[in-house]
Amino acid sequence: MIPFKYGVCVTGTDFCGRKNELELLKQYLSSSMRVYIVGERRTGKSSLIMETARIMPDYRFIYVDLRSIVTRGQLCERIANGLNKQEKTKHSFSRLLKAIANLRPEVSVDSITGDIKLSVSPQIQVSDVDIDKLLEIAGEQRTVVVMDEFQDIQRIKGYETILGSIRSVIQKQSDTSYIFCGSLLHRMNDLFSDRKSAFYNSAERMMLKNIDAIEFSAFLSKRFKLGGRQPKAETVQSIIDFCRGNPGDIQRLCIGIWAGTLSGDSIDERAVLKGIAHICSLESDSFREKLDSLSRNQILCLGALLKGKEPFVLSNLFARNSGLGSYSVAKSAITGLQEKDILLKRGRVWLMSNPFFFYWLHLSNLN
Ligand SMILES: Nc1ncnc2c1ncn2[C@@H]1O[C@H](COP(=O)(O)OP(=O)(O)O)[C@@H](O)[C@H]1O
Ligand SMILES: [Mg+2]
């Protein structure tokens, strides 16, 4: 069995480190606080929440994933299904159906998971009050409502009124905790730090950084050894460095390396390069598609990035060197790349969000 996990939430023995974060989150939740967790994609936000839920078995965790929602109806569906997953009794199911009876929800069975699913037809008019009714059901003692990828609420037309209405429901639920989680820092900041937002200053901020490198390195080495591989300490460090410490990318690369080695093999630089090449070849179609979707200015910007030093600071010099001319044109190209999740900002500097895409671009003839 492959000892690395990627693309799923990790908990229990698969969960490495983060003792302080777990303890802090546990304290916040046992005090019925509202928390917003921000961190780059694949840093481990959802895993941290799942692991917290595991170590707080007396609490009811209602998990709502807002990824890619665009309508109020979808928001209702996601909350209703989050609630339904948690409450397995007949009574709670009929209470849930009653709360949204006017939306005429359809009940079906998921053919893969066997779970009961509620759906709302796109033709049905859904109001902010319908969303409130669901949150009112959620609000109980020893309950944590998790809204993951919360920034995507901004995709819903007129989301500002939804926020206002959610805020007023939540304010009355003094025994219920809420976690709002998001990967797009600038969007989460718009929601929680902008005075004009209904959620301004409404939650305690928790910034999730990468896992401590020494702890993660020991965890990865142990896993390689479990399968008879011989990892060199400096090679494990170079895996972490290549992925700039991102836990998801690191585990993904380890799977790639695993696929190209056998029991007894040494995990050295050659094995790492083979692992990277393996992932790039798996992803080449989607990378090509991503590249094809870019504007001319965005491609010029990436070209400059590949030639120069990465991470980089947006400056007049960068604008000139990239052939984009002015600072404002370069800024708009960079913002577009950020929206497409190709670039991300750490402090003042910009960098590529996916190290495999960056490597693949180096190999293709962009510059
Ligand atoms: N504490 C952890 N220990 C080991 N691997 C982790 C940990 N947290 C995250 N990962 C790795 O990162 C991947 C993405 O984690 P996830 O929790 O989905 O991140 P996020 O919600 O921030 O996008 C996981 O599939 C796993 O490979
Ligand atoms: Mg997540």
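Student: In this predicted model, which residues of α14 are the buried ones, and what makes a residue count as buried?

Tutor: The buried residues of helix α14 are Ala330, Ala333, Ile334 and Leu337; a residue earns that word if 20 or more other C-beta atoms lie within 10 Å of its own, so each of these four meets that cut-off.

Student: How do you know that the buried residues line one face of α14?

Tutor: Seen down the axis of α14, they fall within an arc of 95 degrees, and therefore they line one face of the helix. In general, an α-helix has 3.6 residues a turn, so residues three or four places apart point the same way. On the other side of α14, Ser328 and Glu339 are exposed, whereas the cover over the buried residues includes α12, α13, β10 and β11.

Student: What span does α14 reach, and what span is expected?

Tutor: Helix α14, residues 327-339, has 13 residues and reaches 18 Å from its first C-alpha to its last, close to the 18 Å expected at 1.5 Å a residue.

Student: Why are β2 and β5 called paired strands?

Tutor: Pairing requires at least two bridges between the strands, and 6 bridges join β2 to β5, so the two qualify, and they run parallel. Within this pair, Ile62 stands opposite Val145 of β5.

Student: What pairs with β5 over 5 bridges, and what is the hand of the crossover from β5 through α6?

Tutor: Strand β6 pairs with β5 in the parallel sense over 5 bridges, with Thr176 in β6 as the bridge partner of Thr143. The chain passes from β5 through helix α6 to β6, and this β-α-β crossover is right-handed.

Key:
Residues numbered from 1 in each chain as written. Chains lettered and ligands numbered in written order. Predicted model: local features only at pLDDT ≥ 70, side-chain atom pairs only at ≥ 80, totals over all residues. Right-handed = clockwise from strand over helix to strand, strands pointing away. Expected span 1.5 Å × (residues − 1). Buried ≥ 20, exposed ≤ 12 C-beta atoms within 10 Å, placed from the backbone. Arc of directions from axis to C-beta. Contact = placed C-beta atoms within 7 Å.
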